[in-house]
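Open the structure in your viewer and keep the selection tool at hand. We will go from one stop to the next, and at each you will find something to click on.

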Amino acid sequence: MTPPDGDRRAVVTGGTRGIGAAVTRRLVEAGYEVFAMARHSVDIDGAAVVVCDVTDTLAVSDVFSRLGTVGVLVNNAGAAVSNPIERTTDDEWETVMAVNATGPFLCSRAVVPGMKERGFGRIVTIASSAGIAGAPYISAYAASKHAAVGLTRALAAELAGSGVTAAAVCPTYVKTEMTDETIRNIADRTGAGLEEAWRRLADLTPHGRILQPEEVADVVLDLIGDPTANGEIRVLDGGS
Ligand code: NDP
């Protein structure tokens, strides 16, 4: 379904790197006016960059009121931490919860009233396979991503029949800077070489491989284009 003209304005949080940059590029190719939101400004072809920390209540509300009509919100900005629970600090817990759970809440809250009023809107949240299942050493990350999936489900129920949809994508590991960091940790902790660390990480997933950011972006575009996708939680793990 093609959205009305005024609704071809999209905000992609964390749209400057990794999965978010791939989503930004796909939306630009599809003719959207795209605003990539991040804490640091970088050039990204065809999109405007908006400097804003998604955990900052006032900044988020100010940015969205300046942007005006937004037809598409992709909640993608994220933070990860991997530690056994006894070594997970208060700061790590709070940061991960703030970026991965509070950020999508603040941004969704800012766009929903306008979307409802116009009877059109798409909210897609990049959660994670850790949003639907647990794994060792990711208590904070898994809790925050379960929260993001819960937010999506509640929004979908609240928005049903309004023309606004909320959906989430739950990928396994994707080749981005976030995963590069995970690989460095595995290599440091186990003494494995980088290539072996990539293999071990891929072997933890049902499909035995690392996804590319563009694969996630394609699913985001599918969900945006599908008016029946309200409440969909799309798991990208090769089919578990
Ligand atoms: P990256 O670390 O590569 O990029 C993160 C992006 O988010 C950057 O643009 C960063 O820009 C921005 N960002 C981080 N914190 C904030 C903040 N507080 N406010 C605004 N922007 C912020 O992440 P990925 O591309 O790997 O991940 C994207 C999403 O996908 C995340 O939610 C992640 O949890 C999820 N995911 C990732 C997987 C993976 O294996 N990589 C697997 C499953 C899900 P800046 O630093 O300038 O703020």
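Start by selecting V174 together with the ligand: a backbone N or O atom of V174 lies 2.7 Å from an oxygen atom of the ligand, a polar contact (a pair of N or O atoms within 3.5 Å; within protein, one must be able to donate a hydrogen and the other to accept it, and residues adjacent in sequence count only if both atoms are side-chain atoms). Before going on, note that this is a predicted model, where local features need pLDDT of at least 70 and side-chain atom pairs count only at pLDDT 80 or more, while totals for chains, interfaces and linings use all residues. Residues are numbered from 1 along each chain as its sequence is written, and side-chain values use heavy atoms, with hydrogens and water left out.

Now add T179, whose side chain has an N or O atom 2.9 Å from an oxygen atom of the ligand. For R17, the distance from a side-chain N or O atom to a ligand oxygen is 3.3 Å. Which residues are closest to the ligand? They are R39, H40, Y141, V174 and T176, out of 28 that surround the ligand (a residue counts if one of its heavy atoms lies within 4 Å).

Next, colour the protein by domain: domain 1 is 5-171 + 212-232 and domain 2 is 174-210, with bounds from an automatic or database domain assignment. Their C-alpha centres lie 25 Å apart. Where they are in contact (heavy atoms within 4.5 Å), domain 1 gives 14 residues and domain 2 gives eight.

The two domains bury about 800 Å² between them, 55% of it from carbon and sulfur atoms; this is the accessible area (1.4 Å probe) that two parts lose on being put together, summed over both. Select R17, Q212 and E215 to see the three residues that supply 39% of the area domain 1 buries here, more than any other three.

Keep E215 and add R209: the two form a salt bridge, with the closest N and O atoms 2.6 Å apart. The term means a side-chain nitrogen of Lys or Arg within 4 Å of a carboxyl oxygen of Asp or Glu. There are two salt bridges between the domains, and 13 in the structure.

For the last stop, pick R9 and E33, another salt bridge, at 3.1 Å between the closest N and O atoms. R9 lies in strand β1 (residues 9-13) and E33 in strand β2 (residues 33-38), so this pair ties together parts that are 24 residues apart in sequence. Strands here are DSSP runs (E, at least two residues), numbered from the N terminus.

How values were computed
Helices (H or I, at least four residues) and strands (E, at least two) are DSSP runs, numbered from the N terminus.
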